[in-house]
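Let us take a walk through this fold together, one element at a time. Please have the sequence and the 3D view open as you read.

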Amino acid sequence: MNILIVYSHPSEKSYTFEIFTHLKNILAAQKWNVEVSDLYANNFQGIMTATEYQREGNADTALPVPRDVIEEQQKIENADCIIFLYPVWWSDCPAMMKGWFDRVYSVGYAYGQKPDLPKMKIVKYGIVICTAGHPNNFLEEIGIAQSMEKVMLEDRLGKRFQHKEMLILGGTLAIDNVREKHQEQVNELVKKIGINPLL
């Protein structure tokens with residue numbers, strides 16, 4: 001199985017990086033092929049240029065797609081499962097991750113397809129894992145958890161994925177109280193990928 005991890009966090013000292021490392025280790029134990037797009041480490045350009053906007057905003061598919069975007073699109077085409085991993089900052093993913101969607105989901109590829117242009121495949125499995133300071137019950141109480149799930153699963157992943165799931169690893173303001181539980185949740189999610197009939 002080919003797994004793509006799209007990871008967004010600037011610090012290797014973060015709890016999100018700890019989860020990232022744990023995830024890579026358990027995926028490697030499955031003997032699956034794992035490719036990583038570490039957006040900060042790769043200095044991914046998360047800001048759309050004026051030229052790109054001209055292409056996207058006007059659906060002018062005669063304009064070229066940037067090379068770094070094509071590289072990310074090829075990673076999508078190679079993947080059976082894509083895992084998006086990031087921290088929750090102000091009720092959403094970091095700007096770098098949002099920029100990945102803005103640019104990689106280009107017109108003619110992820111939407112507005114045309115017969116003469118490459119079309120994004122339907123990926124079998126899409127997983128969103130995010131770390132959050134507040135506990136899950138609080139995020140659900142104020143509606144943030146539901147909002148994040150709606151945006152990520154129904155909009156950004158949408159019909160481009162056959163099966164979608166989001167795991168919010170909340171309560172990181174008290175990491176020692178949640179670390180073991182979070183690792184078990186990630187383990188169970190990976191196990192679910194392995195037994196899912198879609199894969």
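In this predicted model, strand 4, residues 123-131, runs parallel to strand 5, and eight bridges join the two. To find a place where you can see this pairing, look for Tyr 125, whose bridge partner in strand 5 is His 163. As a general reminder, the strands of a sheet pair through backbone hydrogen bonds, either parallel or antiparallel.

Now step back to take in the whole sheet. Five strands make up an open sheet with parallel pairing, and reading across gives the order 2-1-3-4-5. At its edges lie strand 2 (33-38) and strand 5 (161-169), each of which pairs on one side only. From one strand to the next, the twist averages 15 degrees.

Which helix packs on the sheet and touches strand 3, strand 4 and strand 5? Helix 6, residues 144-157, does so, with a direction that makes about 155 degrees with that of strand 5.

Next, turn to the aromatic side chains. A search of the whole structure finds nine aromatic pairs. One of them joins Phe 84 and Phe 161 in an edge-to-face arrangement, with 6.4 Å from centre to centre and 70 degrees between the planes. Distant parts of the chain are linked here: Phe 84 belongs to strand 3 and Phe 161 to strand 5, 77 residues apart.

Are these two rings buried or exposed? Phe 84 is buried, because its relative accessible area is 0%. Phe 161 has a relative accessibility of 4% and therefore counts as buried, since the cut-off for buried is under 20%. Both residues also belong to a cluster in which ring pairs link Phe 84, Trp 100, Phe 101, Tyr 105 and Phe 161.

Finally, let us visit helix 1, residues 15-29. Its 15 residues should span 21 Å at 1.5 Å a residue, and the end C-alpha atoms are 21 Å apart, so the expected and modelled lengths agree. In general, an α-helix has 3.6 residues a turn, so residues three or four places apart point the same way. With that in mind, browse the buried residues of helix 1, among them Phe 20, Leu 23 and Leu 27. Also among the buried residues are Ile 19, His 22 and Ile 26.

Phe 20 deserves a second look: Lys 24 lies over the face of its ring, at 4.2 Å from the ring centre. Just after helix 1, you will come to Lys 31, which takes a positive phi of about 65 degrees.

Conventions:
Residues numbered from 1 in each chain as written. Predicted model: local features only at pLDDT ≥ 70, side-chain atom pairs only at ≥ 80, totals over all residues. Heavy atoms only, no water. Pairing = 2+ DSSP bridges. Helix = DSSP H or I, 4+ residues; strand = E, 2+ residues; numbered from the N terminus. Axes fitted to C-alpha atoms, helices over the stretch in contact; angles between N-to-C directions. Contact = heavy atoms within 4.5 Å. Phe/Tyr/Trp six-rings, centres within 6.5 Å; stacked < 30°, edge-to-face > 60°. Buried < 20%, exposed > 50% of the residue type's maximum accessible area, 1.4 Å probe, protein only. Lys NZ or Arg CZ within 6 Å of the ring centre and 35° of its normal. Expected span 1.5 Å × (residues − 1).
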